[in-house]
Amino acid sequence: MTDTGASEAAISVVNLRVSYGEREILHGITFDIPRGETVAILGGSGSGKSTLLRTLVGLEKPTSGEVWIGGVNTANLSERQMDAIRKRMGMSFQGSALFGSMTVGENVALPLREHTDLEDSTIEIMVRIKLGQVGLSAFEDFMPSELSGGMKKRAAVARALAMDPEILFFDEPSAGLDPIIAAGLDELILNLKKAYSLTMVVVTHELASAFLIADRMVYVDRGHIVALGTKEEFLASKHPRVRQFLDRVPEPEVTEELDYLQMLTGDRKNAKS
Amino acid sequence: MKILERVEAIPRAVGALTINSFAYIGGLASLAGQSAYVTFVGPFRGQRFRPQRALDQAMAVGVEAIAIVSLITFFVGLIMALQSAYVLRRLGAMQLVAGTVAVSILRELGPLLTAIVVIGRSGSAFAAEIGTKKVTEEVDALRTMAFDPVAFLVAPKFLAMLVMMPCLTIWADFMGVVGGSVFGVTGAGFTLGSYFQATRDAIVVRDIYTGLIKSVLFGLVITAVGCKEGFSTGAGAEEVGRSTTSAVVTSIALVIVVDLVFTTLFYLINPT
């Protein structure tokens with residue numbers, strides 16, 4: 001065990017590095033997520049925030065570092081050992097990832113049917129409760145293809161809630177939704193926060209949504225954490241990248257002429273040497 | 001200098017190709033191994049076994065293929081009868097048509113044609129199904145819900161194919177012989193009864209079981225390749241198309257290779 005204290009931190013990430021092949025995406029990230037808090041992981045496109053989320057749920061293996069979840073270091077667990085931990089987590093995917101060949105109700109029932117010994121009648125009741133919580137009571141027998149984008153996301157949340165998880169992960173909950181539906185999803189997350197003592201990790205690039213739902217912010221930029229703290233601390237951050245993100249300043253086209261020259265000729269030089 | 005570099009590159013390319021091929025075969029074997037484990041060992045270690053998914057697959061792979069398999073093997077049986085009659089007529093041995101058709105269908109064409117049809121219907125469907133699930137993050141969703149994607153998606157397909165391929169092949173064999181009998185009765189002076197009697201006299205049990213052994217192996221190859229190509233799908237819709245195409249092409253090539261290897265093996269074990 002580390003002295004990061006498994007009792008208070010639901011998730012504790014220590015010096016995490018993740019690579020796809022040769023390319024390192026996360027360059028040594030360290031942060032804690034306290035139990036029962038909602039944390040927004042912010043960052044621009046390609047910052048590594050999705051990779052961070054995928055590593056937390058065990059879809060990617062770190063090249064080095066530690067990921068402590070509920071007092072267990074998951075960095076070196078086998079897929080089957082990881083499954084024991086995954087049963088205590090729920091994940092809502094960006095594209096909802098509902099199983100297209102099953103009805104919404106069957107989607108929510110699936111983890112219960114496979115992982116528990118509950119009677120079918122009990123499962124049916126639980127499915128209705130979960131669907132009710134996300135406001136989809138009447139849609140149990142619909143196929144995912146018959147639902148709108150926002151409803152699919154709600155159904156995905158219901159499925160993630162099925163096993164009564166301790167930690168809930170959201171990948172871009174409001175991406176691709178109109179502002180009204182997106183606000184509805186924010187409210188759903190807030191309601192879940194009130195109803196359960198869930199730890200929630202929300203990856204997003206929607207500032208307004210993040211400020212509404214999160215207790216803490218983690219800002220990831222080019223594989224590093226550049227800001228970390230409460231909303232107020234985050235707003236007060238002096239880091240130029242955070243300021244740029246908060247003030248919506250576009251990336252300058254060319255930073256330096258030498259860099260530009262390097263970019264134009266870089267490949268050839270590398271090939272020669 | 002440049003020529004030397006190019007010459008040097010040849011063994012390197014051959015080496016890389018060899019290693020990649022072995023890695024690919026290894027990947028296929030690993031999928032089959034994991035599926036065998038969850039199907040035959042898992043249930044004895046307290047893991048749940050759901051026959052329903054395998055039954056659904058068996059319906060799609062086997063039962064729904066009966067019509068097209070019947071049609072194709074019926075015509076090929078008829079074609080085989082016509083083609084062999086072309087030679088046999090000159091030898092004055094038209095009574096051998098029944099035996100020629102039966103042996104070529106049972107030993108070779110029945111299993112092979114069935115495999116080709118199943119590749120087109122199911123091998124491609126496996127790759128497209130798993131590929132789409134990969135693109136829509138459903139495979140990731142399975143993993144985060146603590147399901148093994150291989151147990152969930154691949155094992156039922158293997159089980160269904162293992163059972164349905166020999167069944168389809170037996171049916172294909174029968175339809176091929178029926179196709180041959182159409183020519184036998186109309187063009188070679190057989191009655192329906194005497195044609196089937198001649199077929200029975202011409203074949204031995206070995207003709208049937210070597211064909212069935214091959215069909216089981218074809219089934220394993222088709223499932224493994226289809227699923228592996230599905231899982232290797234990258235991001236985007238074009239990728240699904242790519243993996244479907246490569247599932248079909250690779251399956252056909254590997255089925256022919258397996259066919260050659262095992263036909264040679266059967267010949268060497270017992271040439272008579």
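Val63(B) counts as partly exposed in this predicted model, because its relative accessibility is 38%. You'll find Val63(B) in the loop between helix 2 (51-61) and helix 3 (66-91) of chain B. Val63(B) also has company: together with Met59(B), Ile66(B), Trp171(B) and Phe174(B), it makes a nonpolar surface patch of about 430 Å².

**Chain B as a whole**

Let's zoom out to the chain that carries this patch. How many helices and strands does chain B have? It has nine helices and zero strands, so the pattern along the sequence is simply α-α-α-α-α-α-α-α-α. The C-alpha atoms of chain B fill a box of roughly 65 × 60 × 35 Å along the principal axes. Of the 272 residues in chain B, 46% are buried. About 13,500 Å² of chain B is exposed, and carbon and sulfur atoms supply 73% of that area.

Contacts in chain B also reach across the sequence. Take the contacts with a separation of 6 or more: 83% of them are between residues 24 or more positions apart.

**Two helices to look at**

Start with helix 1 of chain B, which covers residues 2-41. Its 40 residues reach 56 Å from the first C-alpha to the last, close to the 58 Å expected at 1.5 Å a residue. Which residues of helix 1 of chain B are buried? They are Gly27(B), Leu28(B), Leu31(B), Ser35(B), Val38(B) and Thr39(B). The buried residues of this helix pack against helix 6, helix 8 (205-231) and helix 9 (237-269) of chain B.

Now hop over to helix 7 (residues 192-202) of chain B, where Thr199(B) sits. Is Thr199(B) buried or exposed? It's buried, because its relative accessible area is 6% and the cut-off for buried is under 20%. Setting aside neighbours within four places in sequence, Thr199(B) is in contact with Ala98(B), Ala102(B) and Val177(B).

**The nonpolar cores**

In soluble globular proteins, nonpolar side chains tend to be buried together. Here, the largest nonpolar core has 74 residues, and Ile11(A), Phe169(A) and Val154(B) touch the most other members. Helix 6 (residues 149-187) of chain B gives the largest share of this core, with 11 residues.

What does Phe169(A) touch, if you don't count residues up to four places away in sequence? The list is Ile11(A), Leu53(A), Leu56(A), Val57(A), Met89(A), Gly90(A), Met91(A), Ser92(A) and Val201(A). Apart from the largest core lies another one of 31 residues, including Val104(A), Ala109(A), Leu185(A) and Val202(A).

**Charged pairs**

Side chains of opposite charge can pair when their charged atoms come close. Over all chains, the count comes to 26 salt bridges. Here are some of them:

| Salt bridge | Closest N and O atoms |
|---|---|
| Arg54(A) and Glu60(A) | 2.9 Å |
| Asp148(B) and Arg80(A) | 3.7 Å |
| Asp247(A) and Arg243(A) | 3.6 Å |

Why does the pair of Asp148(B) and Arg80(A) join two chains? Asp148(B) lies in the loop between helix 5 (138-144) and helix 6 of chain B, while Arg80(A) lies in helix 2 (residues 79-86) of chain A, so the pair joins two chains. Asp148(B) is buried, with a relative accessible area of 18%, whereas Arg80(A) is partly exposed at 42%. Both belong to a network of salt bridges that also links Glu79(A), Asp83(A), Arg86(A) and Arg143(B).

As for the other pairs, Glu60(A) is buried, with a relative accessible area of 18%. Asp247(A) is partly exposed at 45%, and Arg243(A) counts as partly exposed at 28%.

**Two unusual backbone angles**

Most residues other than glycine have a negative phi. Ala97(A) has a positive phi, near 55°, and Arg222(A) has a positive phi too, of about 45°. Where are they? Ala97(A) is in the loop between strand 6 (89-92) and helix 3 (104-115) of chain A, while Arg222(A) is in the loop between strand 9 (216-221) and strand 10 (224-230) of chain A. Ala97(A) counts as buried, because its relative accessibility is 2%. Arg222(A), at 52%, counts as exposed, because the cut-off for exposed is over 50%.

Note on methods:
Residues are numbered from 1 along each chain as its sequence is written. Chains are lettered from A and ligands numbered from 1 in the order in which they are written. This is a predicted model: local features need pLDDT of at least 70, side-chain atom pairs count only at pLDDT 80 or more; totals for chains, interfaces and linings use all residues. Side-chain values use heavy atoms; hydrogens and water are left out. A nonpolar core is a set of buried Ala, Val, Leu, Ile, Met, Phe, Trp, Tyr and Cys residues joined through side-chain atoms within 4.5 Å. Buried means under 20% relative accessible area, exposed over 50%, partly exposed in between (1.4 Å probe, protein chains only). Helices (H or I, at least four residues) and strands (E, at least two) are DSSP runs, numbered from the N terminus. Contact means heavy atoms within 4.5 Å. The expected span of a helix is 1.5 Å times one less than its number of residues. Patches are made of residues with over 30% relative accessible area and no salt bridge: like charges are joined within 9 Å, nonpolar side chains (Val, Leu, Ile, Met, Phe, Trp, Tyr) within 5 Å. Accessible areas come from the Shrake-Rupley method with a 1.4 Å probe; for residues, only the protein chains shown count as cover. A salt bridge is a side-chain nitrogen of Lys or Arg within 4 Å of a carboxyl oxygen of Asp or Glu.
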